[in-house]
Amino acid sequence: MIDDEIDMKEFDLKAFLAARKEHIDQALEEYLPAPVGLEKSVIEAARYSLFAGGKRLRPILCIQAAEVVGGTADMVMPVACAMEMIHTYSLIHDDLPAMDNDDFRRGQPTNHKVFGEAIAILAGDALLTEAFGLIAATQKDERVPPQKILQAIGIVTKASGYRGMIGGQVIDLECETREVDLATVEYMHIHKTGAILSACLELGALLGGGSTAEVAALVKYGQHFGLAFQITDDLLDVEGDAALMGKQPGSDLAKNKKTYPALLGLAKSRESAKAHVEAALTAVSAFEEGAEPLRAIARYLLVRKA
Ligand code: GRG
């Protein structure tokens, strides 16, 4: 049992994240079919990106939110993995020539570089579609009421569609060719990156059986976490290490991306990331020791190298 391996008194975040990642990888392996049949190329392409070394941050946050309100990892594992599949689809499509046109991600050639554009588009589409099937399959778990599964589908749709990630991506692409203010950049970050992260916490808390107040507290944590995550991502693109990130820094500047460092400078961006991490910690202060992993993950944003 993963939970038995966690010593909350001497919390070792690295070991905790590694154990969680392994658990999630096993579940994803179970949910994704082996590449066989005439359609095997698209499954191979989806698996290539899904198992390319992602940190599994989104499913980990979903599981932590469930546990902190008294639920269990297995109750939310299908939904947690569905969110990782949606995240993976967004990265495959984001790297396409029509979008950011990136050749490398996580130190490996991007999906379209290996499988071609058409299969990469279809692999992303397949991951998004199958994610919803996986959420619907949660109905087999009698601890999760069907009403909550319907609510979860609404949350995922809002966070991943034009009211969330896709909306943010459109703003990101369209802002490359015009000047924008900090409020617009913040709005873009909240939608492009924050919506999915925050939805992971909401889904975990909801399906894990949290009260309305508990769900609201975890959503607040997710919103601040999302902003801190994206600001630190912007900072890494300026001052990160290529070997640790698996891609060259400086791509935001080269593409005229509107980022926190571009608008605020490095020092103020770091201050802003710190303020959002502190606000995320405040949001979960009522949870006491059970929220220690969430606290440690939020603090880690300020020192992350990838
Ligand atoms: C194409 C529909 C569509 C959306 C794209 C999220 C997104 C919108 C694009 C990703 C581009 C990007 C680099 C955004 C910055 C934040 C981010 C999502 C970074 C990658 O997330 P990590 O660090 O990735 O959690 P790993 O590799 O660990 O899975």
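Which residue lies over the face of phenylalanine 229? In this predicted model, that position is taken by arginine 304, at 4.2 Å from the ring centre. Phenylalanine 229 also belongs to a cluster in which ring pairs link it with Tyr221 and Phe225.

A search of the whole structure for aromatic pairs returned four. One of them joins phenylalanine 11 to phenylalanine 16 in a tilted arrangement, with 5.3 Å from centre to centre and 50° between the planes. Phenylalanine 16 has a relative accessibility of 3% and therefore counts as buried, the cut-off for this class being under 20%. A further pair, formed by tyrosine 221 and phenylalanine 225, is stacked, with a centre-to-centre distance of 5.7 Å and an angle of 25° between the planes. These two residues are four positions apart in helix H10 (residues 212–239), so about one helical turn separates tyrosine 221 from phenylalanine 225. Both tyrosine 221 and phenylalanine 225 are buried.

Nonpolar side chains were also found at the surface. Tyr162, Ile166 and Val170 make a nonpolar surface patch of about 320 Å². Of these residues, isoleucine 166 is located in helix H8 (residues 165–175). The relative accessible area of isoleucine 166 is 38%, which means that this residue is partly exposed.

Charged side chains were examined next. Side chains of opposite charge can pair when their charged atoms come close. The structure contains 20 salt bridges. One of them, between lysine 21 and aspartate 25, has its closest N and O atoms 3.7 Å apart. Lysine 21 and aspartate 25 are both part of helix H1 (residues 13–31), where a spacing of four residues places them about one turn of the helix apart. Lysine 21 is partly exposed, at a relative accessible area of 24%.

Other salt bridges connect separate elements. Aspartate 102 pairs with lysine 255, and the closest N and O atoms of this salt bridge are 3.0 Å apart. Aspartate 102 is found in the loop between helix H4 (73–94) and strand E1 (104–105), whereas lysine 255 is found in the loop between helix H12 (251–254) and helix H13 (260–264); the salt bridge therefore ties together parts that are 153 residues apart in sequence. Lysine 255 counts as partly exposed because its relative accessibility is 22%.

Helices H8 and H9 are likewise connected through a pair of charged side chains. Lysine 192 and aspartate 172 meet in a salt bridge with an N to O distance of 2.7 Å. Because lysine 192 lies in helix H9 (residues 182–207) and aspartate 172 in helix H8, this pair ties together parts that are 20 residues apart in sequence. The accessibility of the two partners was also computed: lysine 192, at 22% relative accessibility, counts as partly exposed, whereas aspartate 172, with a relative accessible area of 5%, is buried. Both residues belong to one network, in which salt bridges that share partners join Asp100, Asp172, Glu176, Lys192 and Lys257.

A contact between a side chain and the backbone was examined in helix H14 (residues 266–283), the helix that holds serine 269. Serine 269 has a relative accessible area of 0% and is therefore buried. The side chain of serine 269 reaches the backbone oxygen of tyrosine 260 at a distance of 3.4 Å.

Technical notes: Residues are numbered from 1 along each chain as its sequence is written. This is a predicted model: local features need pLDDT of at least 70, side-chain atom pairs count only at pLDDT 80 or more; totals for chains, interfaces and linings use all residues. Side-chain values use heavy atoms; hydrogens and water are left out. Rings of Phe, Tyr and Trp (its six-membered ring) pair if their centres lie within 6.5 Å; planes under 30 degrees apart count as stacked, over 60 as edge-to-face and the rest as tilted. Buried means under 20% relative accessible area, exposed over 50%, partly exposed in between (1.4 Å probe, protein chains only). A charge sits over a ring if NZ of Lys or CZ of Arg is within 6 Å of the ring centre and within 35 degrees of the ring normal. Patches are made of residues with over 30% relative accessible area and no salt bridge: like charges are joined within 9 Å, nonpolar side chains (Val, Leu, Ile, Met, Phe, Trp, Tyr) within 5 Å. Accessible areas come from the Shrake-Rupley method with a 1.4 Å probe; for residues, only the protein chains shown count as cover. A salt bridge is a side-chain nitrogen of Lys or Arg within 4 Å of a carboxyl oxygen of Asp or Glu. A polar contact is a pair of N or O atoms within 3.5 Å; within protein, one must be able to donate a hydrogen and the other to accept it, and residues adjacent in sequence count only if both atoms are side-chain atoms.
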